[in-house]
Amino acid sequence: MAVFCRTLRENFGKGPESVFVSYNQSILTIYLRNFITPSESVLLGQDQESIVQKTRDMLMQNLIPEFKAYIKILTGMEIKEFYYDWSLHNKSGVFVGISSFSTETDEIKSDEFEERGNLHEEIKRISIQAQKDPEEVMSFRLNQRTLVVIRKGILVSIERELIRLGGSETLRLAKRNLEKRLLHNSNNFESILNTKVNDIFVDWDFSLDKSAIVLVLTPT
């Protein structure tokens with residue numbers, strides 16, 4: 001994944017210190033550690049996190065097609081959905097790619113693992129606090145470190161109207177603040193999964209009414 005590091009360094013001015021890749025036949029995640037520039041550190045120290053988020057969002061819109069092409073070359077996966085998020089205070093980030101053949105409900109199903117039922121209930125509980133009960137929840141334990149949760153049907157009417165009026169970026173920033181606070185404040189994930197949760201990420205595809213959540217765990 002050196003090509004990802006080089007592209008990030010060329011566009012952001014600094015690349016990640018380390019990269020961890022996890023995948024199954026339909027989902028790929030790239031976890032970045034120690035990825036923050038000196039100027040971003042200054043902005044965060046001045047409580048200007050929204051400026052950092054907006055700047056990264058603008059850069060990523062140009063980079064996503066390039067990243068999809070890299071993944072196709074390196075793995076053969078044709079990425080249809082691409083999600084990303086940052087944990088700025090942890091200096092980390094994650095990219096999630098979902099391949100084109102895995103987007104139909106009858107072709108992508110949750111992994112079977114012991115904690116799945118309780119995990120889905122906790123995700124639904126948090127989703128209801130933020131907006132509404134998802135129409136569908138799926139989860140994928142890629143390995144001991146990486147757990148991906150996909151939600152479908154999460155937008156409420158006022159959010160759809162805001163998107164229609166061109167407020168997607170404002171909605172994204174607001175949902176990041178609200179949902180990440182709820183996810184991080186949950187005391188249940190570690191007891192459900194019986195391991196420490198080191199990072200939590202969340203992103204949305206408003207056009208598809210879907211969301212991806214990534215939990216980075218301590219391997220047991």
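Me: Does R176 count as buried or exposed?
Reply: Happy to start there; this is a predicted model, where local features need pLDDT of at least 70, side-chain atom pairs count only at pLDDT 80 or more, and totals for chains, interfaces and linings use all residues. Residues are numbered from 1 along each chain as its sequence is written, and side-chain values use heavy atoms, leaving out hydrogens and water. Buried means under 20% relative accessible area, exposed over 50%, and partly exposed in between (1.4 Å probe, protein chains only). Because the relative accessibility of R176 is 3%, R176 counts as buried.

Me: Which side chain meets that of R176 in a salt bridge at 3.5 Å, N to O?
Reply: A salt bridge here is a side-chain nitrogen of Lys or Arg within 4 Å of a carboxyl oxygen of Asp or Glu. The partner sits 91 residues away from R176, in strand β3 (residues 79–87), while R176 is in helix α6. Its relative accessibility is 0%, so it counts as buried. The partner is D85.

Me: Which residues do salt bridges with shared partners join into one network?
Reply: The R176 and D85 pair is part of a larger set, as a search of the whole structure finds 14 salt bridges. Those that share partners join D57, D85, R176 and K180.

Me: What is the strand order in the open sheet of four strands?
Reply: Helices (H or I, at least four residues) and strands (E, at least two) are DSSP runs, numbered from the N terminus; two strands pair if DSSP finds at least two bridges between them. The edge strands, each pairing on one side only, are β5 (136–141) and β7 (197–205). With antiparallel pairing, the order is β5-β6-β8-β7.

Me: Which residue forms a salt bridge with K152?
Reply: K152 lies in strand β6, and its partner is in strand β5, so the pair ties together parts that are 16 residues apart in sequence. K152 is buried at 13% relative accessible area, whereas the partner is partly exposed at 25%. The closest N and O atoms are 4.0 Å apart, and the partner is E136.

Me: Which residue of helix α5 forms a salt bridge with K175?
Reply: K175 lies in helix α6, its partner in helix α5 (residues 157–164), so the pair ties together parts that are 16 residues apart in sequence. Both residues of the pair are buried. At 3.0 Å between the closest N and O atoms, the partner of K175 is E159.
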